[in-house]
Structure formats: structure tokens, C-alpha cells
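Dear colleague,

I am passing on the structure shown here, and below it you will find my notes on what came out of the analysis. Please read them with the coordinates open beside you.

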Amino acid sequence: MLRLTKKEAKEKAPKMVAVIKNGHTEAELAESGERWVNHQGPYLTLAETIAIEKAKQKGQADK
């Protein structure tokens with residue numbers, strides 16, 4: 001049986017890609033573009049966004 005070294009196995013392994021999707025249509029994104037450019041308030045961090053989404057999912061699972 002042919003065995004690969006760890007380096008060879010790592011090179012041949014498929015690369016994982018994470019994609020963050022949003023629920024906006026192209027028209028909604030175009031419309032909101034100016035608001036984002038001129039936004040003066042605070043922004044959520046990625047960690048805050050993930051925590052909010054986990055809370056939403058937990059709320060849906062509890063129903």
C-alpha cells in the first residue's frame with residue numbers, strides 16, 4: 001500500500017473555505033451602500049455578530 005508523507009497529504013487535502021452569507025438582495029445592497037459609507041455610529045465586531053446569531057438560533061431551537 002502506498003502511503004503519503006504528512007506534507008504530501010496536507011498538500012493534496014482539499015482546502016476549506018468559509019463563506020459569510022447575508023440575506024440582502026443586490027438591490028438592497030445597492031440601496032444601503034451610501035448608508036454604510038456615511039455611517040458614523042459603532043460597528044459590531046465579528047465576535048459580537050456571531051454571539052447574536054447564536055442567540056437567535058438558540059431561541060429558534062427552544063420553540
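About 240 Å³ of space lies in the largest pocket, where a pocket is, on a 1 Å grid over the protein atoms alone, an open set of points where a 1.4 Å probe fits, with protein on both sides within 12 Å along at least five of seven lines. The volume is the space filled by probe spheres set on the points, and grid points are joined across faces, edges and corners.

Before going further, please note that this is a predicted model, in which local features need pLDDT of at least 70 and side-chain atom pairs count only at pLDDT 80 or more, while totals for chains, interfaces and linings use all residues. Residues are numbered from 1 along each chain as its sequence is written, and side-chain values use heavy atoms, with hydrogens and water left out.

The lining of that pocket, meaning residues with an atom within 4 Å of a point, consists of I20, K21, L44, T45, L46, T49, I50, E53, K54 and Q57. Sorted by class, these are four nonpolar, three polar and three charged residues, with Ala, Val, Leu, Ile, Met, Phe, Trp, Tyr, Cys and Pro taken as nonpolar, Asp, Glu, Lys and Arg as charged, and the others, Gly among them, as polar.

As for the fold, the protein chain has three helices and zero strands, these being DSSP runs numbered from the N terminus (H or I and at least four residues for a helix, E and at least two for a strand). The radius of gyration of the protein chain, taken over C-alpha atoms, is 20 Å, well over the 11 Å that the globule rule gives for 63 residues, so the chain is more spread out than a compact globule; that rule is 2.2 Å times the number of residues to the power 0.38. Along the principal axes, the C-alpha atoms fill a box of roughly 60 × 35 × 25 Å. Buried residues, those under 20% relative accessible area (exposed is over 50%, partly exposed in between, with a 1.4 Å probe and protein chains only), make up 2% of the 63 residues.

Helix α3 covers residues 46-62, and its 17 residues should span 24 Å at 1.5 Å a residue, which agrees with the 24 Å between its end C-alpha atoms; the expected span is 1.5 Å times one less than the number of residues. The count of buried residues in α3 is zero. Helix α2 (residues 26-37) has an expected span of 16 Å for its 12 residues, and its end C-alpha atoms are 17 Å apart, which agrees, while its count of buried residues is one.

The count of salt bridges comes to one, the rule being a side-chain nitrogen of Lys or Arg within 4 Å of a carboxyl oxygen of Asp or Glu. This salt bridge joins K56 to E53, with the closest N and O atoms 3.2 Å apart, and both residues lie in helix α3, three residues apart, about one turn of the helix. K56 counts as partly exposed at 47% relative accessibility, as does E53 at 36%.

Finally, I20 sits in the loop between α1 (6-12) and α2 and is exposed, with a relative accessible area of 74%.

With best regards
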